[in-house]
Amino acid sequence: MLGLLQSMYNAAGINVVASEGDLWGLLGSLFILISSLPFLLAKKSATPTEEIKEPSSEQVIPEQAPAPVTEVKVVTWKERLKSGLSRSRSEIWGKVTKIFHGKIDDEKIEEIEELLYGADVGPTTVNELLAEIEKNFLGKEANEEEFKKFLFDFLKSKMHSTQESVDHSLYEFSPESNQLKVIMVVGVNGAGKTTTIGKLATKLTGQGAKVVVGACDTFRAAAVDQLEVWCNRAGAEMIRAKEGSNPSGVGFQALEKAIQDKADYCILDTAGRLHTAGNLMEELLKSKKVLGKLDPEAPHHVLLVLDAITGQNAIRQAEEFHKTLNLTGLIFTKCDGSSKAGSAISIVEKLKTPIAYIGVGENVEDLNVFNLDEYLGALLGIEIKDA
Ligand SMILES: Nc1nc2c(ncn2[C@@H]2O[C@H](COP(=O)(O)OP(=O)(O)OP(=O)(O)O)[C@@H](O)[C@H]2O)c(=O)[nH]1
Ligand SMILES: [Mg+2]
């Protein structure tokens, strides 16, 4: 071995005499190199520079945890109505029913009387209700739930027969009917006419109806712009005033267009006016009459928009508009405010004109058909089962 090492030194030109120590040193180095080889190889295979291979189809890919689902809460109409009427319920009607505990005496009936007047319920209805309460509950132990049910039935009996007469085609479009419906919308300033027409047009076009809207509020340019935004969103055609035209002229043009285009609905927005302004009320009557030249049945509906917060004055407004225009229906808006709701009951009873729609906010979804059971249930805090 020493001879072999010496000849390797000579070949490499190293001028050294090979010793036994050199030989052991060389053997030791070789041993260390050989024993560390597997470790070095394993380390190399773990370097990140190596190509990443696609997993084969047989390989099981561990399932990833699904992304958390963010829940989108759909607010139903019943919930909107209930929350819209929450102030009326807590500030008035809830207080009326809460008196009903312990023995019912004259003092408690007087308290109820005060609350009912405060809720804008008309005197005739209040007297009738108090007489019924005396007859059924005076001197007896009260039960709040039983009283709520009694109140529900009483108020329903006052409005039910009038409410039955609502024309369903106002809010349910039926393509088979093939008959143009002309709806004129009136009311005092700021009651919610334009907003309600926008919501209504959206609902009807959403059901597939063709809707033409007449911007008969020719007093304010902003009123026409406001209506136009709604109509564009709803996909309804809007007819605006030609230079110098009067409101009845715009109504006429809108109806002409609706007939020509075989539309299903023609809805006319009018300028707000006080029920006491005689000349402006006359102008409305003229706008109504002129439609008859194109369609003797038109307008099929004249709807009065009432701001529910108005209170007792709403009754006066309704009476005056009814006297001039022979209203066919009412729309109560802003029932999400501090409405006391008593005037709604009185107006329906007095005018024998039904509430067609109710508004509880500014969005499209905040307008809906007036359903008496739902309304009284939400007002008194009674759960009403769906029909
Ligand atoms: N909170 C609430 N606001 C409403 C409702 N309906 C309408 N409004 C708001 O009431 C305001 C007046 O509404 P408009 O639709 O312009 O009333 P209008 O009767 O057309 O008013 P004029 O054309 O000026 O006579 C607007 O700010 C509407 O967004 C409702 O049901 N609830
Ligand atoms: Mg308006």
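The protein chain contains 14 helices and 8 strands, where helices (H or I, at least four residues) and strands (E, at least two) are DSSP runs numbered from the N terminus. This is a predicted model, in which local features need pLDDT of at least 70 and side-chain atom pairs count only at pLDDT 80 or more, while totals for chains, interfaces and linings use all residues. Residues are numbered from 1 along each chain as its sequence is written, and chains are lettered from A and ligands numbered from 1 in the order in which they are written.

**The sheet**

- The 8 strands form an open, mixed sheet in the order β3-β2-β4-β1-β5-β6-β7-β8; two strands pair if DSSP finds at least two bridges between them.
- Because β3 (237-239) and β8 (367-369) stand at the edges with a single partner strand each, one side of each has no neighbour in the sheet.
- On average, neighbouring strands are turned by 25° against each other, direction ignored; axes are lines fitted to C-alpha atoms, for helices over the stretch in contact, and angles run from 0 to 180 degrees between N-to-C directions.
- Strand β2 (residues 211-215) pairs with β3 in the parallel sense over 3 bridges, and G214 stands opposite I239 in β3.

**Strand β4**

- β4 runs parallel to β1, joined by 5 bridges, and M184 stands opposite L268 in β4.
- β4 also runs parallel to β2, again joined by 5 bridges, with D269 as the bridge partner of A215.
- In a regular strand the side chains alternate between the two faces of the sheet.
- Y265, I267 and D269 on one side of β4 and C266 and L268 on the other are all buried, that is, 20 or more other C-beta atoms, placed from the backbone, lie within 10 Å of their own (exposed: 12 or fewer; partly exposed: in between).

**Helices on the sheet**

- Helix α10 (residues 247-260) lies across β1 (181-186), β2, β3 and β4 (265-269), at about 165° to β2.
- Helix α12 (residues 312-325) packs on the sheet and touches β1, β5 (301-307) and β6 (329-333); contact requires C-beta atoms, placed from the backbone, within 7 Å.

**Core**

- Buried residues make up 37% of the 387 residues in the protein chain.
- The largest nonpolar core (buried Ala, Val, Leu, Ile, Met, Phe, Trp, Tyr and Cys residues joined through C-beta atoms within 7 Å) has 91 residues, and V211 is among those with the most contacts inside it.

**Ligand 1**

- Of the 20 residues around ligand 1, G192, T194, T195, G272 and G359 come nearest, nearness requiring a C-beta atom, placed from the backbone, within 6 Å.
- Helix α8 (residues 193-206) gives the largest share of this shell, 3 residues.

Definitions and conventions
Two residues are in contact if their C-beta atoms, placed from the backbone, lie within 7 Å.
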